[in-house]
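Me: I'd like to go through the charged pairs in this protein with you. Could you explain the terms as we go?

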Amino acid sequence: MIHPTTPLTLARARKTAAVPSPCVGVCRMVPATGLCEGCWRNIDEIVAWGRASDTERLRIWGLIEARQAEAVSGS
């Protein structure tokens with residue numbers, strides 16, 4: 001399982017864009033989770049990001065934050 005050293009949060013990322021990409025330039029898929037090690041998105045979310053509406057991007061950000069919280073809590 002991957003663990004956030006500096007958790008991605010929408011609030012922190014929004015300082016630079018309306019609904020910014022969660023990409024941090026660490027693009028490695030973790031086979032055990034199916035998530036990118038850097039941005040915590042699955043491949044479908046990564047592919048969809050470029051054409052996603054702000055509403056969909058906010059939904060993906062919510063998933064990212066929930067995944068990180070789960071990883072930290074060990075659930």
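Reply: Happy to; here are the salt bridges, pair by pair. This is a predicted model, where local features need pLDDT of at least 70, side-chain atom pairs count only at pLDDT 80 or more, and totals for chains, interfaces and linings use all residues. Residues are numbered from 1 along each chain as its sequence is written, and side-chain values use heavy atoms, leaving out hydrogens and water.

Me: What makes arginine 67 and glutamate 45 a salt bridge?

Reply: The term asks for a side-chain nitrogen of Lys or Arg within 4 Å of a carboxyl oxygen of Asp or Glu. Here the closest N and O atoms are 2.8 Å apart, so the pair qualifies. Arginine 67 belongs to helix 3 (residues 54–73) and glutamate 45 to helix 2 (residues 43–48), so their contact ties together parts 22 residues apart in sequence. Helices here are DSSP runs of H or I with at least four residues, numbered from the N terminus.

Me: Why is glutamate 45 called buried?

Reply: Buried means under 20% relative accessible area, exposed over 50%, and partly exposed in between (1.4 Å probe, protein chains only). Glutamate 45 has 6%, so it counts as buried. Arginine 67, at 18%, is buried too.

Me: And why is arginine 28 called partly exposed?

Reply: Its relative accessibility is 47%, which falls between the two cut-offs, so the label fits. Arginine 28 forms a salt bridge with glutamate 37, with 3.1 Å between the closest N and O atoms. Glutamate 37 is partly exposed as well, at 34%.

Methods: Helix = DSSP H or I, 4+ residues; strand = E, 2+ residues; numbered from the N terminus.
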